[in-house]
Amino acid sequence: MLAGATNKLSQSVRTALGAQLPTLQTQSEGDQTRALQAVITGGGALPYLVTDTVSTPQVEHTLSGPTARKGFAFDGKTADANEWVVKFKDGVSIPIVAPKAPTPGFHNHTVQETADALGALPKASRQLITRVLLNPVTNPQDPFWAGQYRTPNFHSYMTAGAAGVVTIYPDKASAPLPGASDMKGRVVHETGHTWAYKTWGEDKTKGKWLDWKKAMDKDRVSVSGYALADVAEDVSETLVAYVTTKGSPANDEYRKIVPNRFSMLDTEYR
Ligand SMILES: [Zn+2]
């Protein structure tokens with residue numbers, strides 16, 4: 001966990017541990033043990049999300065359209081829309097639907113940025129996406145999650161369900177949108193949920209979900225703080241590390257940190 005030279009998890013844990021070192025040796029042996037265990041298994045030393053720079057090769061695509069869609073049912077609003085189709089060199093085609101008129105005071109990614117982000121996905125994820133919506137309004141569920149997470153300004157960036165619809169929500173124009181690399185990572189995370197539920201089923205107490213939990217126990221550590229929330233988030237966050245660093249030294253580093261999960265992905269995620 002500490003030794004990886006390039007991955008962001010090791011950097012984050014080194015920084016957290018370094019801050020504690022000056023006072024650690026003045027503490028009792030029990031307190032030292034607890035402090036070091038918290039670094040390994042607690043969320044405090046981990047980065048909140050996996051945000052390593054995406055090094056995945058880009059699959060080429062062409063964009064066609066738009067086709068006008070009158071009264072399209074977005075999430076939380078019906079509005080006239082334009083539908084583009086992005087066709088990838090590996091044969092996968094995905095419709096992208098955007099409102100004709102963006103909501104004043106809000107901004108969202110462009111169709112081109114969205115097509116580029118989809119091109120960084122491995123085919124295993126991309127072929128499960130049935131449609132991408134660039135939603136005109138924020139997630140109607142945001143107030144609910146604000147209460148659940150006790151975060152007053154909770155804002156959903158992106159969601160995806162078992163049906164394979166990816167919805168990207170706009171943010172206030174004053175809030176910067178995530179950059180291209182972070183956007184790709186989040187698409188991998190969200191479509192990772194679609195992939196896991198479609199491949200392993202929705203009951204997280206059986207089958208491959210149990211195998212994954214065993215792999216988690218063997219690996220002991222997780223790749224991000226958000227991965228600690230639930231087994232499905234652990235799968236998606238581990239997938240972000242697995243997919244976005246492919247071909248770079250960070251990928252080998254992550255494999256040493258969570259070897260059992262990576263070897264399960266080697267056989268499951270194709
Ligand atoms: Zn998630």
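**Exercise 1. Work out which residues hold the zinc ion in the spacing H-x3-H-x39-E, and where the two histidines sit.**

Before you start: this is a predicted model, where local features need pLDDT of at least 70, side-chain atom pairs count only at pLDDT 80 or more, and totals for chains, interfaces and linings use all residues. Residues are numbered from 1 along each chain as its sequence is written, and side-chain values use heavy atoms, with hydrogens and water left out.

Step 1. Look for donors, meaning N, O and S atoms within 2.8 Å of the metal (3.2 Å for Na, K and Ca); water is not among the atoms, so sites may look incomplete. The protein donors are His-189 (NE2), His-193 (NE2) and Glu-233 (OE), 2.0 to 2.1 Å from the zinc ion.

Step 2. Check the helix (a DSSP run of H or I, at least four residues; strands are E, at least two; both numbered from the N terminus). His-189 and His-193 are 4 residues apart in helix α6 (residues 180-200), so about one helical turn separates them.

Step 3. Check burial (buried is under 20% relative accessible area, exposed over 50%, partly exposed in between; 1.4 Å probe, protein chains only). His-189 and His-193 are both buried.

**Exercise 2. Find the cis peptide bond and say which strand its proline lies in.**

Step 1. Gly-65 to Pro-66 is the cis bond, with omega near 5°.

Step 2. Pro-66 belongs to strand β1 (residues 61-73).

**Exercise 3. Is Arg-150 buried or exposed, and which loop is it in?**

Step 1. Arg-150 isn't a glycine, yet its phi is positive, about 50°.

Step 2. Its loop runs between α5 (142-148) and β6 (158-160).

Step 3. Arg-150 counts as exposed because its relative accessibility is 77%.
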